[in-house]
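Biologist: I am new to this one. Please walk me through it, feature by feature.

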Amino acid sequence: MVIAGAEIKVGRLESIVEQIGEAVLATTETIERLAQRVDNLSTQVEEQGKQLQQQGYQILALCDAVQTLAETQDHSLQRISQLTKTLDGLMKLIETSEEE
């Protein structure tokens with residue numbers, strides 16, 4: 001009877017060890033899947049970071065272009081103003097010469 005009781009206990013222990021082993025394997029597989037997902041997310045975040053950096057560079061280039069355009073427009077307006085004054089002067093000269 002002692003041997004039969006010991007065999008039952010050994011059987012139970014074997015069952016417990018087997019369940020623990022299965023749990024460890026399942027946990028290991030789960031951790032591997034999670035690690036793979038984290039790696040994938042890390043790669044995606046890295047790519048998005050590169051895209052954001054590239055967009056930042058593009059925004060800076062666009063700002064420079066807009067600033068250059070604004071400066072050019074300001075210069076053009078100054079030239080147009082000068083031309084308008086010159087034309088006004090010419091018109092006055094023409095009108096004065098016609099009156100004489």
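Biologist: How many helices and strands are there in the chain?

Modeller: Start with a caution: this is a predicted model. Then count the elements. The chain has one helix and zero strands.

Biologist: Where does helix α1 run?

Modeller: Helix α1 covers residues 2-99.

Biologist: How do I read the overall shape, as a compact globule or as something more spread out?

Modeller: Compare the radius of gyration with the globule rule. The rule gives 13 Å for 100 residues. This chain comes to 43 Å, well over that, so it is more spread out than a compact globule. The box around the C-alpha atoms gives another view. Along the principal axes, that box is roughly 145 × 15 × 10 Å.

Biologist: Which pair of residues can I use to get a feel for distance along the chain?

Modeller: Take A6 and E71. They sit 65 residues apart along the chain, and their C-alpha atoms are 95 Å apart. E71 belongs to helix α1. Its relative accessibility is 48%, so E71 counts as partly exposed.

Biologist: What share of the residues in the chain is buried?

Modeller: Buried means under 20% relative accessible area. Here, buried residues make up 0% of the 100 residues.

Biologist: And what is the accessible surface made of?

Modeller: Look at the atom types. The accessible surface comes to about 9,400 Å², and carbon and sulfur atoms account for 61% of it.

Biologist: Which residues form a nonpolar patch on the surface?

Modeller: Four residues: L13, I16, I20 and V24. Together they have about 370 Å² of accessible area. Look at V24 as an example. V24 lies in helix α1. Its relative accessible area is 47%, so V24 is partly exposed. A patch residue needs over 30% relative accessible area.

Biologist: Now the charges. How many positive and negative side chains does the chain have?

Modeller: Count each sign, then compare the centres of the two sets. There are 8 positive and 17 negative side chains. The two centres lie 10 Å apart.

Biologist: How many salt bridges does the structure hold?

Modeller: The test is a nitrogen-to-oxygen distance within 4 Å. The structure holds two salt bridges. In one, E46 pairs with K50, and their closest N and O atoms are 3.7 Å apart. In the other, K50 pairs with E47, with the closest N and O atoms 3.9 Å apart.

Biologist: How far apart along helix α1 are the partners E46 and K50?

Modeller: Check the spacing against a helix turn. E46 and K50 are four residues apart in helix α1, about one turn. K50 and E47 are three residues apart in helix α1, also about one turn.

Biologist: What links E46, E47 and K50?

Modeller: A network of salt bridges links them.

Biologist: How accessible is E46?

Modeller: Read the percentage against the classes: partly exposed runs between 20% and 50%. E46 is at 47%, so E46 is partly exposed. K50, at 43%, is partly exposed. E47, at 40%, is partly exposed too.

Technical notes. Residues are numbered from 1 along each chain as its sequence is written. This is a predicted model: local features need pLDDT of at least 70, side-chain atom pairs count only at pLDDT 80 or more; totals for chains, interfaces and linings use all residues. Side-chain values use heavy atoms; hydrogens and water are left out. Patches are made of residues with over 30% relative accessible area and no salt bridge: like charges are joined within 9 Å, nonpolar side chains (Val, Leu, Ile, Met, Phe, Trp, Tyr) within 5 Å. Accessible areas come from the Shrake-Rupley method with a 1.4 Å probe; for residues, only the protein chains shown count as cover. A salt bridge is a side-chain nitrogen of Lys or Arg within 4 Å of a carboxyl oxygen of Asp or Glu. Helices (H or I, at least four residues) and strands (E, at least two) are DSSP runs, numbered from the N terminus. Buried means under 20% relative accessible area, exposed over 50%, partly exposed in between (1.4 Å probe, protein chains only). The radius of gyration is taken over C-alpha atoms; the globule rule is 2.2 Å times the number of residues to the power 0.38. Lys and Arg count as positive and Asp and Glu as negative; His and the chain ends are not counted. The place of a charge is taken as NZ of Lys, CZ of Arg, CG of Asp or CD of Glu.
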